[in-house]
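Me: I would like to learn how to read the side-chain features of a protein model, one kind at a time. Could you take me through them with this case as the example?

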Amino acid sequence: MRLRILSMAIDDEQAVVAARQRSRDIARELGCTPIDQTRVATAVSEIARNAFEYARNGRVDFEIEGDTRPQLLLIRVSDKGPGIEDLDALLAGRYRSKTGMGIGIVGSRRLMDQCNIESVRGEGTTVTLKKLLPDTAPLVTPELVGQLSATLAAHAPGGSFGEVQQQNRELIAALADLRDRQIELTQLTQELEDTNRGVVALYAELDERADHLRRADEMKSRFLSNMSHEFRTPLSSIRALSNLLLDRVDGDLGAEQERQVTFIRKAAEDLSEIVNDLLDLAKIEAGKIEIHPAPFEVASLFSALRGMLRPLLVGNSVDLVFEDAGALPELRTDEAKVAQIIRNFVSNALKFTERGEVRVSARLDADACHVIFSVADTGIGIAEADQQRIFEEFGQIENPLQQRVKGTGLGLPLCTKLCNLLGGRITLQSTPGAGSVFSAIVPRDYVRPGQSEFDIDALRLDDGKLPILIVEDEPQVQVIYEGYLRATHYQPIMVRALHDATQVLDRLKPAAIVLDILLAGEDSWHWLAAIKSSPERRAIPLIVASEVDDPRKGRALGADAYFIKPLARDVLVTTLDRMTADASEGPDAGAWAGAAARDSARAAPPDAPAAGPVSTRAEVPWSTSPHNGDHP
C-alpha cells in the first residue's frame, strides 16, 4: 500500500525553505526522533536546492510505503532540468562542479537509508530518498494521512527568517547535546580511572586465588590419577582371582564357598563401576573430557551395541529390541559418548524390567537437526515426584525390585553431563507400573561452545555451480530449499543470521540471494536496504521469500522479487534461472550451461520435497508485476 502525503512545487528559493520545513514536520508527525527529523530535513533541503539551482523548478512528493512496521518514508525530488553530466563520478564522490554540486548529494545519501538517482541528459533528474520509520512509530493508514494533511494545512510554512531561526535552534540543541556528552565523557573517564585502580587491585587478588586454584587442580588431577591406579588395579585383581576360584582352577569349591566368592566378585564389579563413574564425573567437572566428533551411521552404532549388551539379558522374560535406523542420516558427533549414554539407559532398563521388552530406537526431531535416541521399557516405572531425584548423584528410590538390583546412583547424572557436553539434553517419560522412556536428544552436527554454526572457512564451492546465498533461520525450510536445488546447477549456501550472510558477501559474490524477513531478533528490512544501497552489492539479484505480506515495501527497498511462503520449487528455480542468466554467460559459462542442460533433461529427484501450490498472495517479480507503476 502506497499513500501520498503531500506534493509541492519548487519554483523559488522560498519553496526550497518550505520543502525543508515540511520534511521536518512530516518526519515529526510520523514518529521520527529529533535527530532523524533533522537528517530528513537536511537531505531534502540539499536535493531541493539542487533542483531549483540547476532546473529552476522541480517537485517534491512525500509518500508512505508498506503495510507492516517498519514503514518506509519515500521523498521524491524531480525536475526537468539538464540532468547530471557524470552520474557515476558523482555517486563515487569524484565529481565537483563550480557551485559545489555533488557534495550535497553525497551527504544526503549518508543521511538517509537509501538514495536512488535517475538522470537523463536533457530530460531531468529524479532523486528518491528513503527512510525506514522507527518500529515504535504508529502504523500510517489513510485515516492518519488525512489527519496529517489537515495538520500540515493548519500550519503554513514560515519564511526564510523563521527557518534560519529553526536551524539555529537545532544547531544550539546539537551543541548543547555535544556539551552534555562531553561532560558525561569527562565523568566517565574519571569513573574509568577509579575503576581501573580497583581492577588492578582485583587482578592481583584474582592472580593469587588463581594460583591456589591451579595448585588445587593439580592436586585433584594427581588424586584422580592415583585413585585410578590404586583402586582399579586391586579391583581388577579381586575380579580375576574370583574368576579363577569360580572356574575351579585350584580345586573344587563348596556350595557356600561358591556363593561367597560370587558375592566378592559382584562387590568388586559394583565398586569398579562406581570408580569409573566417579572418575568420568570428576573429569567432566574438571574439563578433562574432550569431545571427538566424527561421522558415523546410527545403524552401525546399534549393531555394535546389540552385540555388546546382549550378555546383560538374563532368561527369556525380557527382549532387547533395536529398531531399524538405516533411514537416518549420518551424524557428526562423538560416537563413544553417545554409545555410553545408550548403554547406561539400556543397563538401567534391564535392571528394573522383570518381563516384557526394552526397545532402543532413534529418529529425527521436527527440525531435522537433532536425533532422538530413546530407550523404552515395560518395567516398574518412576513416580513423577521421584523423576528429578534420579538425575542427582547417588539418587536412589525405595522399591523392592530396586533393593535387589541397587545401582550406583551415578549413571543417569553421568548421562546428563555427557549429553550436555554434546549440546543435547535428556528427557524422561514414565508411569509407575507401565514403564519408562529415557531419551537423549543430540544435535546431528556437534558445534563446539562459542563456535558459530556457520563456518565460513569450511565453505567449499562446487565447480560449475552458481552459489545462491539463502538467509533462512528455520531448519525445516532450509531442508526444503536444499531439496529444491539438489538436482540443479545451483549450490545453496545456508546461513541463519545476517552476520553470517555478511561474512559470505565479504568473501564471495553469490549469483543471487534468497532472504527471509522474519529472522529471530534481527532487522532484515534494514539489511535489505543496506545491500541495495551498496555499490558493490546492489547488482546481486535478491529474492524475498517470507510470511510478511508487504511486497511493495520490499520492492521500494530494492528487492528483485517478492514471494509469500510457501514457495514452490518451479517458481524458485524459474526465478533464479531468469535472474542469473547473465552470470551463466560469464567466464564459466560452459560449465554452467552444461549443468543447466542436464537439469532440463531430468525431473526433480524422488527424495526432493514435494512442490506445493504457489500461494495466491505471492507477488510476481517486479519486471512483470501489474503494480509496477509509481502510484497505487
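**Reading side chains in a predicted model**

Reply: Let us begin with accessibility: Asp194, with a relative accessibility of 38%, counts as partly exposed, because that class lies between the buried limit of under 20% and the exposed limit of over 50%. Please keep in mind throughout that this is a predicted model.

Me: With which residue does Asp194 form a salt bridge, and how far apart are the closest N and O atoms?

Reply: The partner of Asp194 is Arg197, and the closest N and O atoms are 2.3 Å apart, which is a salt bridge because the cut-off for such a pair is 4 Å. Arg197 is itself exposed, at 53% relative accessibility, and the two residues lie three apart in helix α6 (residues 160-246), about one turn of the helix.

Me: How many salt bridges does the structure hold, and is Asp61, which meets Arg59 in one of them, buried or exposed?

Reply: The structure holds 26 salt bridges. In the one between the side chains of Arg59 and Asp61, the N to O distance is 3.6 Å; here Asp61 counts as buried, with 8% relative accessibility, whereas Arg59 is partly exposed at 38%. A further example is Arg248 with Asp252, whose closest N and O atoms are 3.1 Å apart, and in this case Arg248 is partly exposed at 29% while Asp252 is exposed at 65%.

Me: Which residues are joined into one network by salt bridges that share partners?

Reply: Shared partners join Arg2, Arg4, Glu63, Glu65, Arg76 and Arg552 into one network.

Me: Turning to the nonpolar interior, which residues touch the most other members of the largest nonpolar core?

Reply: That core has 42 residues, and those touching the most other members are Leu301, Phe302, Ile341, Ile342, Phe345 and Phe373. Several elements give two or more residues to this core, including α8 (298-309), β10 (370-377) and β12 (435-443), and α9 gives the most, with eight residues. A second, separate core has 40 residues, among them Leu3, Ile26, Ile75 and Leu152.

Me: What does Phe345 touch, if residues up to four places away in sequence are not counted?

Reply: Apart from those sequence neighbours, Phe345 touches Val375, Leu412, Cys415, Ile426, Phe438, Ser439 and Ala440.

Me: How should I read a pair of aromatic rings, and how many aromatic pairs are there here?

Reply: In general, one describes such a pair by the distance of the ring centres and the angle of the planes. The count here comes to four aromatic pairs. In one of them, the rings of Phe302 and Phe373 have their centres 6.3 Å apart and their planes at 65°, so the pair is edge-to-face. This pair links distant parts of the chain, since Phe302 is in helix α8 and Phe373 is in strand β10, 71 residues apart, and both residues are buried. Phe345 and Phe438 form a tilted pair, with 5.5 Å from centre to centre and 35° between the planes; because Phe345 lies in helix α9 and Phe438 in strand β12, the pair ties together parts that are 93 residues apart in sequence. Both Phe345 and Phe438 are buried.

Me: Which residues form one aromatic cluster, and where do Arg56 and Lys553 lie?

Reply: The cluster is formed by Phe302, Phe322 and Phe373. Arg56 lies over the face of Phe52, at 4.3 Å from the ring centre, and Lys553 lies over the face of Trp525, at 4.1 Å from the ring centre.

Definitions and conventions: Residues numbered from 1 in each chain as written. Predicted model: local features only at pLDDT ≥ 70, side-chain atom pairs only at ≥ 80, totals over all residues. Heavy atoms only, no water. Buried < 20%, exposed > 50% of the residue type's maximum accessible area, 1.4 Å probe, protein only. Helix = DSSP H or I, 4+ residues; strand = E, 2+ residues; numbered from the N terminus. Core = buried A, V, L, I, M, F, W, Y, C linked by side-chain atoms within 4.5 Å. Contact = heavy atoms within 4.5 Å. Phe/Tyr/Trp six-rings, centres within 6.5 Å; stacked < 30°, edge-to-face > 60°. Lys NZ or Arg CZ within 6 Å of the ring centre and 35° of its normal.
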